[in-house]
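Dear colleague,

I am handing over the structure below, and I would be grateful if you kept it open while reading my notes. They move from residue to residue, with the cut-offs given where each term first appears.

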Amino acid sequence: MTVPSGRPPASVADAVAQVALACQIIARFGQEDLTLGHASVRGPDGRTVYIKRKGKALRDVRAEDVIGIALDDPDGYLTPGAHLETVMHLEAYRARPDAGAVIHTHPVYSIAVGATAGGLELLSHDGLLFPDGVPVFDGTAGLVTTPEDGRGVARALGTGRAVLLRNHGILVAGEDISWAVLTALTLERAARIQFIARVLGDPVPIPREVARDLSASKYQEEFAEEYWQDWCRMLEGPR
Ligand SMILES: [Zn+2]
């Protein structure tokens with residue numbers, strides 16, 4: 001497979017390749033859970049979402065496992081072969097015209113943080129990606145399968161990068177697939193560091209105003225593409 005950039009796709013083939021690569025990357029970083037979890041990309045027409053179909057584990061997703069769903073089809077979430085929770089992606093894209101990619105996974109440390117009252121703390125450079133914290137969706141502890149709950153998740157996400165689905169998982173939205181993958185991996189790392197810090201002692205967070213200042217320099221536009229290219233090289237294995 002030719003590796004596309006992590007920027008908004010120029011072709012349907014690029015969008016499909018990005019979805020397959022993103023699934024394999026997040027699996028490699030430990031966010032696989034049975035055959036659950038999914039990545040999606042907004043296609044070059046702006047109106048079609050390309051998303052992993054059900055039945056495959058994230059590590060095994062290839063181009064043939066990616067299906068296209070028209071955003072203006074109100075029954076698109078019922079497309080044969082689509083994951084039950086596809087509706088979350090579709091509602092996120094509808095609510096967020098700036099979103100070019102969406103990922104939903106069940107990463108263990110993020111689920112644990114989302115199941116606590118305090119939420120994510122600003123304890124590391126990873127936390128700097130979320131200087132204003134990460135909101136929690138608690139509309140249901142079950143699967144998000146209806147347009148109503150999907151819109152609830154999108155509302156909780158708001159204009160942010162990520163939302164913790166209480167007792168369930170995460171949903172992240174990025175301007176492109178590189179930012180969506182970076183956000184999913186960084187949120188889980190921040191949650192893991194929080195767990196370790198709390199075991200070791202009383203956490204000392206980065207002040208919120210300082211975090212806002214540091215965030216822009218730590219997470220610059222060109223870095224996301226650099227990381228994306230590195231993850232794609234990682235998938236190719238040692239040379
Ligand atoms: Zn889920």
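I begin with N167, which at a relative accessibility of 46% counts as partly exposed; here buried means under 20% relative accessible area, exposed over 50%, and partly exposed in between, with a 1.4 Å probe and protein chains only. Please bear in mind that this is a predicted model, in which local features need pLDDT of at least 70 and side-chain atom pairs count only at pLDDT 80 or more, whereas totals for chains, interfaces and linings use all residues. Numbering runs from 1 along each chain as its sequence is written, and side-chain values rest on heavy atoms, with hydrogens and water left out.

N167 sits in the loop between β6 and β7, where helices (H or I, at least four residues) and strands (E, at least two) are DSSP runs numbered from the N terminus. Although N167 is not a glycine, its phi is positive, at about 65 degrees. L34, likewise not a glycine, has a positive phi of about 55 degrees; it belongs to the loop between α1 and β1 and is exposed, at 66% relative accessible area.

The loop between β6 and β7 also holds H168, which brings us to the metal site. Which residues donate to the zinc ion? They are E85 through OE and H104, H106 and H168 through NE2, lying 2.1 Å from the ion, where a donor is an N, O or S atom within 2.8 Å of the metal (3.2 Å for Na, K and Ca), and sites may look incomplete since water is not among the atoms. The angles that the four donor atoms subtend run from 89 to 148 degrees, and the arrangement is therefore irregular: four donors are tetrahedral if all angles lie between 85 and 135 degrees, four are square planar and six octahedral if opposite donors are over 155 degrees apart and all others between 65 and 115, and anything else is irregular. Along the chain the donor residues follow the spacing E-x18-H-x1-H-x61-H. Because H106 lies in the loop between β4 and α3 (108-114) and H168 in the one between β6 and β7, this pair ties together parts 62 residues apart in sequence; both histidines are buried.

L165, in strand β6, is buried at 2% relative accessibility. Its contacts (heavy atoms within 4.5 Å) beyond four places in sequence include the zinc donor H104, along with M88, F137 and V153.

As for the interior, the largest nonpolar core has 47 residues, and I25, I103, L120, V181, L187 and W228 have the most contacts inside it; such a core is a set of buried Ala, Val, Leu, Ile, Met, Phe, Trp, Tyr and Cys residues joined through side-chain atoms within 4.5 Å. Among the elements giving two or more residues to this core are α1 (12-31), α5 (177-200) and α7 (221-236). I25 itself touches V181, L185, W228, W231, C232 and L235, leaving aside residues up to four places away in sequence. A second, separate core of 23 residues includes A82, M88, A92 and F137. M88 and A92 are among the buried residues of α2, and since eight of the 10 residues of that helix (residues 86-95) are buried, it is largely enclosed by the rest of the structure.

Three aromatic pairs turn up in the whole structure, a pair being rings of Phe, Tyr and Trp (its six-membered ring) with centres within 6.5 Å, stacked when the planes are under 30 degrees apart, edge-to-face over 60, and tilted otherwise. Y109 and F195 are tilted, since their planes meet at 55 degrees, with ring centres 5.7 Å apart; this pair joins α3 to α5 and so ties together parts 86 residues apart in sequence. F223 and Y227 are also tilted, at 6.3 Å and 45 degrees, and ring pairs link these two with W231 into a cluster.

Finally, how many disulfides are there? The count is zero, taking a disulfide as a pair of cysteine sulfur atoms within 2.5 Å. The sulfur of C23 has its closest cysteine sulfur in C232, 12 Å away and so too far for a bond. C23 is buried at 0% relative accessible area, and C232 at 2%.

With best regards
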